[in-house]
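This report looks at one chain and at one helix pair formed between two chains. The sequence and structure come before the details.

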Amino acid sequence: MLVHSRGARWAVWAVFLVLFVPLFALPLLVVLGASFATHWSGVLPSGPNTANYRAATRGEALQALTTSLLTATTASLLALTVGTWAALAGAALKKRYRRLMDALFVLPVAVPSVVVGLSVLVAFSKPPMLLNGTRWIVILAHTVLVTAFAHQSVSAAITRLDPAYEQAAASLGARPARVLLRVRLPLLLPSLTAAAGLCFALSMGELSATMMLYPPDWTPLPVLIYAATDRGALFTGSAVAVVLMAATLLVLFAVSRVRTRASYR
Amino acid sequence: MSRRLLWALPPVALLALFFLYPLALVVQQSFQPDGGGTSLRPYADVFASEAFRNALWTTVWLALASTAGCLVLGFLLSLVIAFVPFPGAKAVARFIDVYLSFPSFLITLALLFIYGTTGIIGSFQFLTTPWGVLLAEVTYFTPFVMRPLLAAFSQLDTAQLEAAGSLGARAPRIIRRIILPESLPALAAGGSLVLVLCLNEFGIVLFTGAKGVTTLPMLVYSKAILESDYPGACVVAVVNVLISVSLYGLYRVVSRRAGA
């Protein structure tokens, strides 16, 4: 406890609220409020109805939701596989090679996502790997972007892993494949699910690279939200945004349930 | 080659094919003007244009100012959560984690309702100025500073604070002499991460729809998609990558020093 006098403590909390609520809670509340409204020019939104949600859960918007969910799931699973493989293989290397591999795999975090989009567009718009105009170019870009995060969190977990378990298993005669499948991966399961949740959330909200790449028949939710706000349909846009947030939170919640079960084992 | 290196090969090959090779093509295309041949023409053209210099300047000062804002605000808020805890402080800390999983453009979307042309506060053109982008970036990226800070604060030995307090040091002095030095590594790590993310931010700027605010990622997008000027877009991309990657390298060195 840093502040002892009661009055001063209340003053500090008041300052905290004044900073925190308008900056962090208000934006989310505003989007939520607007999603139920048709007008907002006073203090409170007006014209309450659920038409925005009817528009946001059918036709184009429903298709965008499926698109986003499919893209995010595919990209997270691919990224998790490649990232975990890279982290496991990297951990077995000598320090010099391991550093190099770490540096390579975090590079996509530092490179702007727009540039990742541009580079994928430049590379895969011509044969032999013609992906431009298909859904795979979007999924590919998302995978590249989130692999870095999967690799980072899994390799952080590997360095915290207690080597005694795998040494015990190996000394009892288990082959490396068995040690990996029965000892290391189960121990890593909590961090793997955490990484999967992170990748999924990032991919659901990805806008920068997607804007460079999306074909007309594969528009994820963020692109649809941008299109709606760009043509002035702010209220429909915020209903779609609420759908996006709710879908992300639901999946994150489900993933964290898996995680708690995994860590109790 | 040893077997361990062989096992590391497949993921590295995938990364090379889908990330490094495309990036190399961008660099290659930045030297190939539309007329054909290889020259520095695209660079000369882009560097000479007013739009590029404006975008470079806007990107850099916006990123620096947002980072400074995030550091100050994040430090203050984390101090209160960690050392003047109130009922619900835990919930606030969890809220911050959730906040990080939302896309950045939601903040601009909300600001459109508050400050936009038909908004709550009214129609003064705040959002179409860099200040609107600055406000949105500070809002969105402050949690990125708070998370490492809260982790660092939870490892701080509270006995030090109590000793200092019982010897008569007041809160500002305790913060300056004990908490701030202890949290410098976390501040440095969080701050440089936010700096890189701000340099690369696209969604916030796109959603303001402001013609007056153009940053480097925005310029890459508008040159490539709206003007189909690929060599120009590649030049801007190369500049942006060079700035961000060198800063990110610095961040990795700093955070490794800090033992994070």
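## Chain B: contacts and burial

In this predicted model, 75% of the contacts in chain B with a separation of 6 or more join residues 24 or more positions apart. Chain B has 260 residues, and buried residues make up 45% of them.

## Chain B: secondary structure and dimensions

Chain B contains 11 helices and 0 strands. Read from the N terminus, its elements follow the order α-α-α-α-α-α-α-α-α-α-α.

Taken along the principal axes, the box filled by the C-alpha atoms of chain B is roughly 75 × 65 × 30 Å.

## Helix pair between chains A and B

Helix α5 of chain A spans residues 113–123, and helix α10 of chain B spans residues 216–226. The axes of these two helices come within 9 Å and cross at roughly 25°. Because angles under 35 degrees count as roughly parallel, α5(A) is roughly parallel to α10(B). The crossing of α5(A) and α10(B) is left-handed.

## Residues at the helix contact

On the chain A side, α5(A) contributes V114(A), V115(A) and L118(A) to the contact. The residues they meet in α10(B) are P217(B), V220(B), Y221(B) and A224(B). By class, the contact of α5(A) with α10(B) consists of 7 nonpolar residues, with no polar and no charged residues.

Methods:
Residues numbered from 1 in each chain as written. Chains lettered and ligands numbered in written order. Predicted model: local features only at pLDDT ≥ 70, side-chain atom pairs only at ≥ 80, totals over all residues. Axes fitted to C-alpha atoms, helices over the stretch in contact; angles between N-to-C directions. Helix = DSSP H or I, 4+ residues; strand = E, 2+ residues; numbered from the N terminus. Parallel < 35°, antiparallel > 145°, perpendicular 65-115°, else oblique. Left-handed = near helix turned anticlockwise from the far one by under 90°. Contact = placed C-beta atoms within 7 Å. Nonpolar A, V, L, I, M, F, W, Y, C, P; charged D, E, K, R; others polar. Buried ≥ 20, exposed ≤ 12 C-beta atoms within 10 Å, placed from the backbone.
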